[in-house]
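The following exercises are intended for a reader who is new to this structure. Please examine the sequence and the model before attempting them.

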Amino acid sequence: MQEGRSNDSELSFHRMVEKDYQHLFPGLISRSRYHRRRKDLMGIQREILRPSVDRLRTEAAWLIVDSTPITIAESPRWKSARMSMWAAEAGYSPSKRQFFLGFRLHALVSNTGAICDFVLSPANVGERRVAEHLLDVESDREKLRPVLADNGYCGDRLANLFGRKGGQLWHALRRSQPPDSERETLKEEIALRAWHRGKRARIESVFGSLSDQFQMEETRARSVWGAMTRVVAKLLAYMIGYRINQALGRQQTALKSLYR
């Protein structure tokens, strides 16, 4: 509930519960114990998340792979932040056109906006390297679905690794890469790129929701375990909201009104 209400401060959320929801929690624990218990229950939250992820994966028509940055500190605070965040590394965000210290969330998202798999890595780990792991796990499924990716995942190696077991990786062509005139006309190639871009917009909207409502890009954590705890909690809050909307017959990704 804390993550769904865009409250990234445990102290503020604990005070709100103490003030407005004391009747639901007559034995409300202290804020410091709440903080410790959240960390202790991270593994349980991950196991709660797993069945939803596995079930919704089987309902997907296709999957989309991409990554989003999770910032731990801006450049002036890198040195002090790395003392507690030993796993955080420097990376570059093309969308923001700036370097950051932190992690990357790599995710497989379904065509309906469900998170079907994810990996948290240091920011300096390449997208293709993590995608290789995600696609390897996906290739062990009984029913393989096409996976869409942007031009950061282009190349024959990834496509061939996934294709050996019958999978299809559809990646966007780089703008500098000319259309294949022998295969298609220029007009058809432009239409294909527009179709691919439209289908991939789903994962951009999911990352936008995670960033806007769930404050995914800035966890305010002060340790690696704390960052992992926050990320898992945010993904769990997203998927619980998704499942509730699905059960109520609402738009699955309409989560803001659900957590008011």
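Three exercises with worked solutions follow, based on a predicted model.

**Exercise 1.** Describe the secondary structure of the protein chain and its order along the sequence.

*Solution.* The protein chain contains 8 helices and 6 strands. Read along the sequence, these elements give the pattern α-α-α-β-α-β-β-β-α-β-α-β-α-α. As to burial, 42% of the 260 residues in the protein chain are buried.

**Exercise 2.** Classify the ring pair formed by Phe-214 and Tyr-238, and state where the two residues are placed.

*Solution.* A pair of aromatic rings is described by the distance of the centres and the angle of the planes. The chosen pair belongs to a set of 4 aromatic pairs. The ring centres of Phe-214 and Tyr-238 are 6.1 Å apart, and centres within 6.5 Å count as a pair. Their planes stand at 65°, and an angle over 60 degrees is edge-to-face, so this pair is edge-to-face. Phe-214 lies in the loop between helix 7 (186-212) and helix 8 (224-248), while Tyr-238 lies in helix 8. The pair thus links distant parts of the chain, 24 residues apart. Both Phe-214 and Tyr-238 are buried.

**Exercise 3.** Is Tyr-21 buried or partly exposed, and which surface patch does Tyr-21 help to form?

*Solution.* Tyr-21 is found in the loop between helix 1 (10-20) and helix 2 (31-40). Its relative accessible area is 32%, which lies between the cut-offs of 20% and 50%, so Tyr-21 is partly exposed. Together with Leu-24 and Phe-25, Tyr-21 forms a nonpolar patch on the surface, with about 300 Å² of accessible area in total.

Methods
Residues numbered from 1 in each chain as written. Predicted model: local features only at pLDDT ≥ 70, side-chain atom pairs only at ≥ 80, totals over all residues. Heavy atoms only, no water. Phe/Tyr/Trp six-rings, centres within 6.5 Å; stacked < 30°, edge-to-face > 60°. Helix = DSSP H or I, 4+ residues; strand = E, 2+ residues; numbered from the N terminus. Buried < 20%, exposed > 50% of the residue type's maximum accessible area, 1.4 Å probe, protein only. Patch = residues over 30% accessible without salt bridge, like charges linked within 9 Å, V, L, I, M, F, W, Y side chains within 5 Å. Areas by Shrake-Rupley, 256 points an atom, 1.4 Å probe, with all protein chains shown as cover. Salt bridge = Lys/Arg side-chain N within 4 Å of Asp/Glu carboxyl O.
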